[in-house]
Each structure stands twice: as C-alpha cells, then as structure tokens.
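Dear colleague,

I am passing on the structure we spoke about, together with some notes on what I found in it. Please have the coordinates open beside you as you read.

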Amino acid sequence: MGIFKTIRSAGAIGLIALAPCAALAQAWPAGPVRLFVGSPPGAPSDITARLFADQLGKLVKQPVIVDNRPGAGNNLAAIAAAKAEPDGATLVLSPDTVLTVNPHIYKNRDFDPKADLVNVSIIGSFSQMLVCHPSVGVKTVSELVAKSKTERILYGSGGPGVPGHLATEMFLDAAHARMEHIPYRGPAPATQAVLAGEVQCGFLATPTVLPHVRAGKLTALAVSSATPSPLAPEVPTLAQALKQPGLDVSFRLVLQAPKGTPPAVIAELAKRAQEVMKLAEVRAKLQKSDVTALGTTSAQAQTTLTQEMARWEPVVKRLGLTAD
C-alpha cells in the first residue's frame, strides 16, 4: 500500500512539473513574432521566409514580421536572433551553412550558432544551378570540365562559404576540374557578373538565373540536387552529368530560436512549422522558388544538421576558407 501511494505521489509531482510547460506552450505566442532572415528582400530564402511567416501568423493568430539582416553569410541575422530574449517571440530562418560552414570561416568568438541557437525545424531544402556565359562555348558539364583543364575559367559566388561557392567546389572535386573563385558581396552581384561575362560561370539560385537561361543569356549545365529541378526538368543533375550516382549537393533552410527558449515552446514551434509546410498552397508556391517543403521535429533537425556538419567540415578545411 505504501508503494502504491509513493507511485501516485511521484506521478502527481510529475504532473505538477509538467503543468507550467504545457501552459507555456499553449500561451505561445503572447504577441507578435519577429523572424530574422539573412538574405535581402526578393531572394529565394526571403520569399520562403515571407510565405512561411504569413501562414504561421494565420495559424497562431499573431503577426509574424520578417526582418531582413543580410550580410556575413547570414551571420548577422543569426546573431540578432541569438541576442534576443528566449521567449519564442524571436526566430531566425537561415541556410544550414550558418551551422555547417560559418563557424569554420567566421572567427567571431562572441557567437557560436551551435551553442547560441536551438534548431526548431528544417522547413525546406534547395539546390543551385550551374550556369555559364554563352561565350564560354560549352553546352554540357563534360565540355566545361574538359575546357577547364586547358583554359583559365573564373566562377563567381555570393561570397566565401555560401551555397554557390560550396556547390562549385564539390563539383570541381568530383569532376577533377579547375576553376578560379571570384567572391562577390552577395548572389545578386555574382549573377550580374556572369551575365556580363566578367566571370564565366557560377552555381546560382535556379529561380534567379532561369529567366536568363530561357532568354539565351546564360547556358544551364546542371543542378546540384539529387533530382532534377521541377522548374527545369530538362537540365541534368550533377550526378547524371558526371555519372556519379548519389552525388547530392543540396542545402537546407533551418528555423532556429535563441538558446534558453523553453523546450515546450520549441516543441510547439516545430509542430506549427510542420503544419505550415504540409499546406498544399505552401508546397506549390515553394516549388516555384525551387524549394522543397519539409518540416521536421527539433530532434530530426539536430540529427540531420550534425550529419551535414561532418560532411562539410573537411571541405572547408581543404579550401582553407576564411572570411574575417
């Protein structure tokens, strides 16, 4: 009888301990939510963030305000979120390179994205498209690889360690090719540089470069994802072009919150993110931006991102990347 009472008592204690967490989750959000984004307005990740914010706001019946803080490889937005109160009222949406690459190249001792932010959910994945200026005179990846071994070819990216830079370096390593990197201050200047012939090639966002491909101003050679882009199914994947099954250079968009945000709020945030990403309207609109809708739990996000950190660390070290 005494044992029975003890068990009941322990259960009661457990219920009492859980009650504040449950109440906290139900109370979230108490007011407007700010969503920091590290890309400028109009960029693919910004379009994704605004669509996500709009639908999340409808679900939780509070405004979700997008706050663009471009710069430093999305670090500025991540730092702004990390310094906010951990009450669920501040979030940040970033490409996974903030976690997998930036800690190796940005030596900011006051900010560690792995320690200062909590991974809430991976809401989507995206890839890049390899394009070249028509003057290069190549139509296929194999032709570009061959030309790179006899001629000096420059490629542009939005800066050290951004997806376009990493995708190109992964491609060059897999293809045993050579091109020289010219970093720009963001993907928009890099795109303009390829269009002007200032640099010959670049891995850039598919929705950004595809209109120029359709207009004949750029030549599309491949996409970095494991499957063809729904926007340009005729363009082969790198795996197909190089005859290397399994080659996949995709990136993820990660929703994060400041360290110290209560676990119950993180769980509620992840639940809401999954609800948003299951909406047919959201999935269809994201596809037009070449983003695949996902939506994971916090634990699933952590597992995936830990794997990606291990994947990219040797690449960054091999390249000796540094940004400051």
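To begin with one acidic residue, E281 has a relative accessibility of 40% and therefore counts as partly exposed. Please bear in mind throughout that this is a predicted model. E281 forms a salt bridge with K285, with the closest N and O atoms 3.1 Å apart, and K285 is likewise partly exposed, at a relative accessible area of 41%. Both E281 and K285 belong to helix α13 (residues 280-288), where they stand four residues apart, which is about one turn of the helix.

A pair with that spacing is also found in helix α14 (residues 298-319), which holds both K317 and E313, four residues apart and so about one turn of the helix from each other. Their side chains meet in a salt bridge, at 3.0 Å from N to O. K317 counts as exposed at 57% relative accessibility, whereas E313 is partly exposed, with a relative accessible area of 29%. Elsewhere, salt bridges that share partners join D96, R252, E308 and R311 into one network.

The structure holds 13 salt bridges, and one of them deserves a separate word, namely the bridge between R152 and E180, whose closest N and O atoms are 2.9 Å apart. Because R152 lies in the loop between α7 (141-148) and β6 (154-157) while E180 lies in strand β7 (residues 180-183), this pair ties together parts that are 28 residues apart in sequence. R152 counts as exposed, at 59% relative accessibility, and E180 as partly exposed, at 33%. As a general point, side chains of opposite charge can pair when their charged atoms come close.

Turning to the helices, I checked the length of α2 (residues 44-60): at 1.5 Å a residue, its 17 residues should span 24 Å, and because its end C-alpha atoms are 24 Å apart, the two values agree. The buried residues of α2 are S45, D46, T48, A49, L51, F52, A53, Q55, L56, G57 and V60, a list in which the charged residue D46 appears beside residues such as L51 and F52. Just after α2, K61 takes a positive phi of about 60°.

Positive phi values also occur at two loop positions that you may wish to look at on the model. N74, in the loop between β2 (64-68) and α3 (75-82), has a phi near 75°, a positive value in a residue other than glycine. H176, in the loop between α8 (163-175) and β7, has a phi near 55°, again positive in a residue other than glycine. As for their surroundings, N74 counts as buried at 15% relative accessibility, since the cut-off for buried is under 20%, whereas H176 counts as exposed at 61%, the cut-off there being over 50%.

Finally, where does T219 lie, and which residues is T219 in contact with, leaving aside its neighbours within four places in sequence? T219 lies in strand β9 (residues 219-223) and is buried, with a relative accessible area of 12%. With those neighbours left aside, T219 is in contact with L130, V131, C132, P134, V138 and K139.

With best regards

Definitions and conventions
Residues numbered from 1 in each chain as written. Predicted model: local features only at pLDDT ≥ 70, side-chain atom pairs only at ≥ 80, totals over all residues. Heavy atoms only, no water. Salt bridge = Lys/Arg side-chain N within 4 Å of Asp/Glu carboxyl O. Buried < 20%, exposed > 50% of the residue type's maximum accessible area, 1.4 Å probe, protein only. Contact = heavy atoms within 4.5 Å. Expected span 1.5 Å × (residues − 1).
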